[in-house]
Amino acid sequence: MGAVSLRGVSKSFGVVDVIKDVSIDIAEGEFCVLIGPSGSGKSTLLRIIAGLETASDGEIHIGGRDVTDLEPKQRDIAMVFQSYALYPQMTVRENMSFALRLARRPKDEINQKIDQVAQVLGLEKLLDRLPKELSGGQRQRVAMGRAIVRNPAVFLFDEPLSNLDAKLRSQVRGEIRDLHHRLNTTSVYVTHDQVEAMTMGQKVVVLRDGRVEQAGTPLELYDLPDSIFVASFIGSPA
Ligand code: ADP
Ligand code: MG
């Protein structure tokens, strides 16, 4: 259901080519990390997969379906951003149920789903709070809850931990991996942090200046870097 495939994807903003002929295959159930320096095109590529940005060229397939011309809501994906993007005037329960209410799901079903997801994320006691009454880690969990309630086949994460301190970061990192396995989803995870990429990724795609510099398992990239760029970026001794 959740395989993601990009075929010759390019994106220009005006005369500036930001994504250049990118092809990536992500297997169903795989945890794929996109890593690269700031400005290498990670967020743009993720937004193209989400449908928030239109590719200038190429095709995007999700779950075997050509979604290139489909709206975000037709793509069976959910996105978690670094800035949480919670509605400040809504409680945790209202934030998490927003998409389901929009889809006019029955109230009982919504409440049951929210209670279930809240339990998975340890948010049961916080459902009536507003975002401003939560810690950074709790807000990040609500943002994940909002994505999870929609049962997407594919999770897209854009540097979801960069607003958290080091200790929380390693905790939430583990939680995201757990959730990925427990929910049986495919994940595409953007970061510029090598440690995060090497510990979380089953597949790691290194982006440089809008192109795929190298893709492989963490071990492959570490042991057999194709270039000095990959070696120095991943931190291997080559
Ligand atoms: P990353 O997430 O890896 O830091 P981005 O995908 O945000 O990189 O940006 C890649 C490049 O595309 C940058 O040079 C950025 O300035 C440019 N860019 C991103 N969005 C736009 C836009 N809407 N208009 C013009 N240029 C953009
Ligand atoms: Mg970015």
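Which element gives the most residues to the shell around ligand 1? The exercises below treat this point and others in a predicted model.

**Exercise 1. Describe the surroundings of ligand 1.**

Solution.
1. List the shell: ligand 1 is surrounded by Phe13, Val16, Val18, Gly36, Ser38, Gly39, Ser40, Gly41, Lys42, Ser43 and Thr44.
2. Assign the residues to elements: β2 and α1 are the elements that give two or more residues to this shell.
3. Answer the opening question: α1 gives the most, with three residues.
4. Sort the shell by class: seven residues are polar, three are nonpolar and one is charged.

**Exercise 2. Establish the strand order of the four-stranded sheet and identify its edges.**

Solution.
1. The sheet is open, its order is β2-β1-β4-β5, and the pairing is antiparallel.
2. The edges are β2 (16-26) and β5 (65-66); each has a single partner strand, so one side of each is left without a neighbour in the sheet.
3. Within the sheet, β1 (residues 4-13) and β4 (residues 57-62) run antiparallel and are joined by five bridges. Leu6, for instance, has Ile60 in β4 as its bridge partner.
4. Add the helix: α1 (residues 42-50) lies across β1, β2 and β4, and runs at about 60° to β2.

**Exercise 3. Analyse the six-stranded sheet in the same manner.**

Solution.
1. The order is β6-β7-β8-β3-β9-β10 in an open sheet with mixed pairing.
2. β6 (77-81) and β10 are the edge strands, each pairing on one side only.
3. On average, neighbouring strands of this sheet are turned by 15° against each other, direction ignored.
4. Find a parallel pair: β3 (residues 31-35) runs parallel to β9, with four bridges between them. Cys32 has Lys203 in β9 as its bridge partner.
5. Find an antiparallel pair: β9 (residues 203-208) and β10 (residues 211-216) are joined by five bridges. In this pair, Val205 stands opposite Ala215 of β10.
6. Place the helix: α4 (residues 136-148) lies across β6 and β7 (154-158), at about 170° to β6.

**Exercise 4. Locate Asn184 and Asp209, which have positive phi values, and decide how exposed each is.**

Solution.
1. Asn184 is not a glycine, yet its phi is near 60°. Asn184 is found in the loop between α5 (166-183) and β8 (186-191).
2. Count the surroundings of Asn184: because 11 other C-beta atoms lie within 10 Å, Asn184 is exposed; the limit for this class is 12 or fewer.
3. Asp209 also has a positive phi, of about 50°, although it is not a glycine. Asp209 is in the turn of the hairpin formed by β9 and β10, which has two residues between the strands.
4. Count the surroundings of Asp209: with 15 other C-beta atoms within 10 Å, Asp209 is therefore partly exposed.

**Exercise 5. Examine the largest nonpolar core and the contacts of Leu156.**

Solution.
1. The core has 56 residues, and Leu34, Leu156 and Val188 touch the most other members.
2. Take Leu156 and leave aside its neighbours within four places in sequence: its contacts are Leu46, Ile49, Ala50, Ile77, Met79 and Val188.
3. Compare with the general tendency: in soluble globular proteins, nonpolar side chains tend to be buried together.

Notes: Residues are numbered from 1 along each chain as its sequence is written. Chains are lettered from A and ligands numbered from 1 in the order in which they are written. This is a predicted model: local features need pLDDT of at least 70, side-chain atom pairs count only at pLDDT 80 or more; totals for chains, interfaces and linings use all residues. A nonpolar core is a set of buried Ala, Val, Leu, Ile, Met, Phe, Trp, Tyr and Cys residues joined through C-beta atoms within 7 Å. A residue is buried if 20 or more other C-beta atoms lie within 10 Å of its own, exposed if 12 or fewer, and partly exposed in between; C-beta atoms are placed from the backbone. Two residues are in contact if their C-beta atoms, placed from the backbone, lie within 7 Å. Two strands pair if DSSP finds at least two bridges between them. Axes are lines fitted to C-alpha atoms, for helices over the stretch in contact, and angles run from 0 to 180 degrees between N-to-C directions. A residue is near a molecule or strand if its C-beta atom, placed from the backbone, lies within 6 Å of it. Ala, Val, Leu, Ile, Met, Phe, Trp, Tyr, Cys and Pro count as nonpolar, Asp, Glu, Lys and Arg as charged, and the others, Gly among them, as polar.
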